[in-house]
Amino acid sequence: MKNKKFLWALMGIMMLLVLAACSGDGSEESSSEGSKAESPGGGDPNNRTVVIGGIYDITGGTGDVGTPYAEGEKAYFEHLEAKGGIEGLNLHLVGKDYAYKIPEAQKIYQELRDKEKVAAVLGWGTGDTEALRQQIGTDELPYFSASFSENLKDIKTSPYNFLIAASYSDQGRTILQWIKENHKGENPTVALLYNDSAFGRSPVEDIKKYGKEIGVEVVDEQVIDVKATEAQSQLLNMKKKKPDYAIINQTWGATATILRDAKTLDIDTQFIGLNWASGEGVIDIATADIAEGYMGILSHAFPYEDLPGMVEVKEYLESKGKTIDDINQKFIQGWTAAKIMVEGVKIASEKNPEGDITGAQIREGLETLNNFDLGGLAAPLTFTADNHAGTEQTRLGIVKDGKWEQLTEYRSYK
């Protein structure tokens, strides 16, 4: 009998120990699976956690520019962590490759929202961003896309989308205005070369409309696949219209194909690319000789430009044993996108020092940015509660001696 009493007592003590071990004081924050890595706050359990989602194109049709862009976004978060992060916050980035497939982007977005509990998203393409914008607004998650579609300017239909560079349409208008100002002779004519996607088509109608307004006629349009390795048939059709200029809305690979085939066909047209059709990759793929004289929109800085904003980029690179030769302009674009988003988070944290940081608070923080200086890495940005199009300004550049050079300062078409 005594042995039974002893066993019951021993079991009771063990049960109490188990219950004590399973109970907590409630001080440790919860974190979604896949987001538990040590973050810029140093892992302090009293810090609030803010997760930013990422939707990347690494392996899809625009992966040539999407890969360095994603690397730039990730690098900025790594740099921020190394510098101590934002006081009082555990801030980190969680993202996936969607291979430029809209259904996959929607799936990843839902995972980021429901599983990772993100407070904002750094996205990518035009088609997926436009498809998601109603959901983004309902979920109140600030969304920076690498798409600069004019449609995303409409704050009524895109209340949580922000444009962090001049829209594709504004870029096209700026090119047309430059043509109007610099063309030798009368009545300049233009062709449009683009791919059959929401991205490719995005600025077409706006460019044609603005051309009519200022007296620059669009005489031809040719659709060329974003992964095209041959474009001679389209260029031969374009050649019949004898355009003085051709505006390209592609990424590096298709742009290089166009320039190469134009050289082969001895086409005497000045090609000018929008921002994703510009950058070092065009020269690398097409070769310096073929790219010589090609013009393009320079929405962001090149690593070799001597600008204040490059100081922290170089600091990060040095910490990784790298140099500016290891990155390109699209890396700078991604870095800049992350930097702007983090600024919004920082302002939200300062205004709301207690409790979780919400997407609505980050939006309000971003809307206070006025002529936000990026140290020359991009045009200064201004957001308000009524306007999420940060700027209409962009630059034009030209390839000379195998290297991009600035042709104009940041300017608006107006």
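Is Phe 148 buried or exposed, and what is its relative accessible area? Phe 148 is buried, with a relative accessible area of 1%. Here buried means under 20% relative accessible area, exposed means over 50%, and partly exposed lies in between (1.4 Å probe, protein chains only). The model is predicted: local features need pLDDT of at least 70, side-chain atom pairs count only at pLDDT 80 or more, and totals for chains, interfaces and linings use all residues. Residues are numbered from 1 along each chain as its sequence is written, and side-chain values use heavy atoms, with hydrogens and water left out.

The chain holds 14 helices and 12 strands. These elements are DSSP runs numbered from the N terminus (helices: H or I, at least four residues; strands: E, at least two). Of the 414 residues, 55% count as buried. Contacts require heavy atoms within 4.5 Å. Among contacts with a separation of 6 or more, 70% come from residues 24 or more positions apart.

Aromatic residues are considered next. The structure contains 16 aromatic pairs. Rings of Phe, Tyr and Trp (its six-membered ring) pair if their centres lie within 6.5 Å; planes under 30 degrees apart count as stacked, over 60 as edge-to-face and the rest as tilted. Phe 148 and Trp 276 form a stacked pair, 6.3 Å centre to centre, with 10 degrees between the planes. This pair links distant parts of the chain, 128 residues apart. Phe 148 lies in the loop between S4 and S5, and Trp 276 in the loop between strand S9 (270-273) and helix H10 (280-286). Trp 276 is buried, at a relative accessible area of 3%. Both residues belong to a cluster linked by ring pairs, together with Tyr 69, Trp 124, Tyr 168 and Phe 199.

Tyr 168 is also one of the residues that Ser 202 touches. Ser 202 sits in the loop between helix H6 (198-201) and helix H7 (204-214). Its relative accessibility is 18%, so Ser 202 counts as buried. Its other contacts are Ser 149, Glu 150 and Ser 169, not counting residues up to four places away in sequence.

Two rings carry a charge above them. The criterion is NZ of Lys or CZ of Arg within 6 Å of the ring centre and within 35 degrees of the ring normal. The charged end of Lys 403 sits over the ring of Tyr 304, 4.2 Å from its centre. The charged end of Arg 363 sits over the ring of Tyr 160, 4.9 Å from its centre.

Arg 363 is among the buried residues of helix H14. This helix spans residues 359-366 and is mostly covered, with 6 of its 8 residues buried. The others on the buried list are Gly 359, Gln 361, Ile 362, Gly 365 and Leu 366. Their cover includes strands S3 (120-122), S4 (143-144) and S5 (161-162), and helix H13 (329-351).

In soluble globular proteins, nonpolar side chains tend to be buried together. A nonpolar core is a set of buried Ala, Val, Leu, Ile, Met, Phe, Trp, Tyr and Cys residues joined through side-chain atoms within 4.5 Å. The largest such core here has 115 residues. Ile 52, Leu 235, Phe 271 and Ile 340 have the most contacts inside it. H13 gives the most to this core, with 11 residues. Ile 340 touches residues including Phe 144, Ile 164, Leu 366 and Phe 383.

An open sheet of 7 strands runs in the order S7-S6-S8-S9-S10-S11-S12, with mixed pairing. Two strands pair if DSSP finds at least two bridges between them. S7 (217-223) and S12 (403-406) stand at the edges; each has a single partner strand, so one side of each lacks a neighbour in the sheet. The twist averages 30 degrees from one strand to the next. S6 (residues 189-194) and S8 (residues 245-249) run parallel and are joined by 5 bridges. Tyr 194 has Asn 249 in S8 as its bridge partner. Helix H9 (residues 252-264) packs on the sheet and touches S6, S8 and S9. Its direction makes about 175 degrees with that of S9. Axes are lines fitted to C-alpha atoms, for helices over the stretch in contact, and angles run from 0 to 180 degrees between N-to-C directions.

Backbone geometry is notable at Lys 117, which has a positive phi of about 55 degrees although it is not a glycine. Lys 117 is found in the loop between H3 and S3 and is exposed, with a relative accessible area of 56%.
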